[in-house]
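The following paragraphs lead the reader through one protein chain, from a single helix to the overall arrangement. The sequence and structure are shown first.

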Amino acid sequence: MPPPLNTVPHVVMELEALRSIYEGDESFRELSPVSFQYRIGENGDPKAFLIEVSWTETYPQTPPIISMNAFFNNTISSAIKESILAKLQEAVEANLGTAMTYTLFEYAKDNKEQFMENHHPVNSATSISNILSVETPIVAPSSKKKDKKEQLTKAQKRKLADKTDHKGELPRGWNWVDVVKPHSARLVPAMA
């Protein structure tokens, strides 16, 4: 069994290098010490896309997992995604055995226009078949708590009803403050 990735010296060095290179870069996001996302293109650019690179236990001797499953990519057709992933896979094979995450991100940035030249945004209601990746990691489902609606007592409801009109709205001017100019009383000296 290989040692944990966070103890392998060249992997630790690559992680530190990525953090240093992309510090302050809003396009880069470290999801975990072995999983990274990079947005290729500016916010609002219709040809922008997001790639995710996750290191395997034997990375860089084995390829990382490259994914385009992010919701950000929901307007990109599956054919374009497959094409981008295929070209990134070629770059992975050329760099196998070396630290390649930075190289993959830069390769995608340099070739963005070529990757997206046939891109025509698709409807945002995507089907399951549009979700692609070279290999999909298992993710635990998140649990959500339901928001509990605040309950009012009868007295609180009555008090609220007394303050509001038939539509449940407070009357106009309910929070207005009277501004009164104080006028000083003239003091007339008493006659003795």
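A residue is called buried when its relative accessible area is under 20%, and exposed when that area is over 50%. The model discussed here is a predicted one.

By the first of these cut-offs, Val11, Glu14, Leu15 and Leu18 of helix α1 are buried. Viewed down the axis of α1, the buried residues lie within an arc of 100°, and they therefore line one face of the helix. Pro9, Met13, Glu16 and Ser20, on the other side of α1, are exposed. The cover over the buried residues of α1 includes the strands β1 (28–32) and β2 (35–40), together with α3 (101–110).

The length of α1 can also be checked. This helix comprises 13 residues (residues 9–21), and at 1.5 Å a residue it should span 18 Å; the C-alpha atoms at its ends are 18 Å apart, which agrees.

Helix α3 also has a partner in α2 (residues 78–94): the two pack at an angle of about 140°, and their axes are 10 Å apart. This angle makes α2 oblique to α3, since only angles over 145 degrees count as roughly antiparallel. The crossing of the two helices is right-handed. At this crossing, Lys87, Leu88, Ala91 and Val92 of α2 meet Leu104, Tyr107 and Ala108 of α3.

The chain as a whole has five helices and four strands, arranged along the sequence in the pattern α-β-β-β-β-α-α-α-α. Of its 192 residues, 29% are buried. Among contacts between residues at least 6 apart in sequence, 57% join residues at least 24 apart.

Key
Residues numbered from 1 in each chain as written. Predicted model: local features only at pLDDT ≥ 70, side-chain atom pairs only at ≥ 80, totals over all residues. Heavy atoms only, no water. Expected span 1.5 Å × (residues − 1). Buried < 20%, exposed > 50% of the residue type's maximum accessible area, 1.4 Å probe, protein only. Arc of directions from axis to C-beta. Contact = heavy atoms within 4.5 Å. Axes fitted to C-alpha atoms, helices over the stretch in contact; angles between N-to-C directions. Parallel < 35°, antiparallel > 145°, perpendicular 65-115°, else oblique. Left-handed = near helix turned anticlockwise from the far one by under 90°.
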